[in-house]
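The exercises below are meant for a reader who meets this structure for the first time. Work through each task with the structure open, and then compare your reasoning with the solution that follows it.

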Amino acid sequence: MATYVFERETRTPNSETFVIEADGAEIGRVDLHYSGSTAYATLCVPDTFDDDAIEELISEVDERLVMSWDPLRDDFIVTVWAGREIGVFSESGEDEDEDEDDLFLDEEDGRRR
């Protein structure tokens with residue numbers, strides 16, 4: 001069983017976004033939205049995750065994040081996407097915290113990230 005770390009990226013009165021890490025590496029993200037007594041999630045995982053790994057991660061998200069919002073919630077609805085991160089795009093052109101030295105060359109497509 002993997003040990004997951006959830007690092008909050010954003011928070012509003014009715015939603016939160018977390019980066020998911022395992023073994024010190026980012027492996028996905030989850031966007032949570034709270035409406036009435038139902039929690040909705042969009043979960044992005046690597047395409048190597050099988051059904052057991054996805055169910056394990058959903059349980060971790062539920063127990064560690066959603067249950068702290070409302071332990072008596074009616075339902076937790078999760079939409080799962082599998083794939084890889086392409087990049088982060090912003091109207092400002094680059095992340096304020098990003099340092100030029102943090103960029104790297106993707107060997108597969110030759111683009112700087």
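**Exercise 1. Decide whether Tyr34 is buried or exposed, and then find the aromatic pair in the structure and classify it.**

Solution. Tyr34 has a relative accessible area of 9% in this predicted model, and because buried means under 20% relative accessible area, Tyr34 counts as buried. The next step is to look for ring partners, and a search of the whole structure finds 1 aromatic pair. That pair is made by Tyr34 and Trp69, whose ring centres are 4.4 Å apart and whose planes meet at 25 degrees. Planes under 30 degrees apart count as stacked, so the pair of Tyr34 and Trp69 is stacked. Finally, place the two residues: Tyr34 lies in strand 3 and Trp69 in helix 1, so the pair ties together parts that are 35 residues apart in sequence. Trp69 itself is partly exposed, because its relative accessibility is 30%.

**Exercise 2. Describe which elements the protein has and in which pattern they follow one another along the sequence.**

Solution. Begin with the count, which comes to 1 helix and 5 strands. Reading along the sequence then gives the pattern β-β-β-β-α-β. As a last step, consider how the helix is placed: helix 1 lies across strand 1, strand 2, strand 3, strand 4 and strand 5, and it runs at about 50 degrees to strand 1.

**Exercise 3. Work out the order of the strands in the sheet, and say which strands stand at the edges.**

Solution. The 5 strands form an open sheet with the order 1-2-3-4-5 and with mixed pairing. Strand 1 and strand 5 (75-83) each have a single partner strand and stand at the edges, so one side of each is left without a neighbour in the sheet. From one strand to the next, the twist averages 20 degrees.

Now follow the pairing inward from strand 1. Strand 1 and strand 2 run antiparallel and are joined by 8 bridges, and together they form a hairpin with 2 residues between them. Within this pairing, Glu7 has Val19 in strand 2 as its bridge partner. Strand 2 in turn pairs with strand 3 in the antiparallel sense, again over 8 bridges, and here Val19 stands opposite Arg29 in strand 3.

**Exercise 4. Find which residues of the largest nonpolar core touch the most other members, and say which element gives the most to this core.**

Solution. A general point helps here: in soluble globular proteins, nonpolar side chains tend to be buried together. In this protein, 28% of the 113 residues count as buried. The largest nonpolar core has 20 residues, of which Phe6, Val30, Leu32, Leu57 and Val61 touch the most other members. The elements that give two or more residues to the core are strand 1 (4-12), strand 2 (15-22), strand 3 (25-35), strand 4 (38-46) and helix 1 (51-69). Helix 1 gives the most, with 6 residues. Val61 can serve as an example: when its neighbours within four places in sequence are left aside, Val61 is in contact with Phe6, Val30, Leu32, Val66 and Phe76.

**Exercise 5. Compare Ile58, Glu60 and Thr38 by asking for each whether it is buried or partly exposed, and which residues it touches.**

Solution. Take Ile58 first, which lies in helix 1. Its relative accessibility is 22%, so Ile58 counts as partly exposed. Not counting residues up to four places away in sequence, Ile58 touches Leu43, Phe76, Val78 and Val80. Phe76 is 18 residues away along the chain, and the C-alpha atoms of Ile58 and Phe76 are separated by 9.7 Å.

Glu60 also lies in helix 1, but Glu60 counts as buried because its relative accessibility is 13%. With neighbours within four places in sequence left aside, Glu60 is in contact with Met1, Tyr4, Phe6 and Leu65.

Thr38 has its place in strand 4, and its relative accessible area of 15% is the reason that Thr38 is described as buried. Beyond the residues up to four places away in sequence, Thr38 touches His33, Trp69, Asp75 and Ile77.

Technical notes: Residues numbered from 1 in each chain as written. Predicted model: local features only at pLDDT ≥ 70, side-chain atom pairs only at ≥ 80, totals over all residues. Heavy atoms only, no water. Helix = DSSP H or I, 4+ residues; strand = E, 2+ residues; numbered from the N terminus. Buried < 20%, exposed > 50% of the residue type's maximum accessible area, 1.4 Å probe, protein only. Core = buried A, V, L, I, M, F, W, Y, C linked by side-chain atoms within 4.5 Å. Contact = heavy atoms within 4.5 Å. Phe/Tyr/Trp six-rings, centres within 6.5 Å; stacked < 30°, edge-to-face > 60°. Pairing = 2+ DSSP bridges. Axes fitted to C-alpha atoms, helices over the stretch in contact; angles between N-to-C directions.
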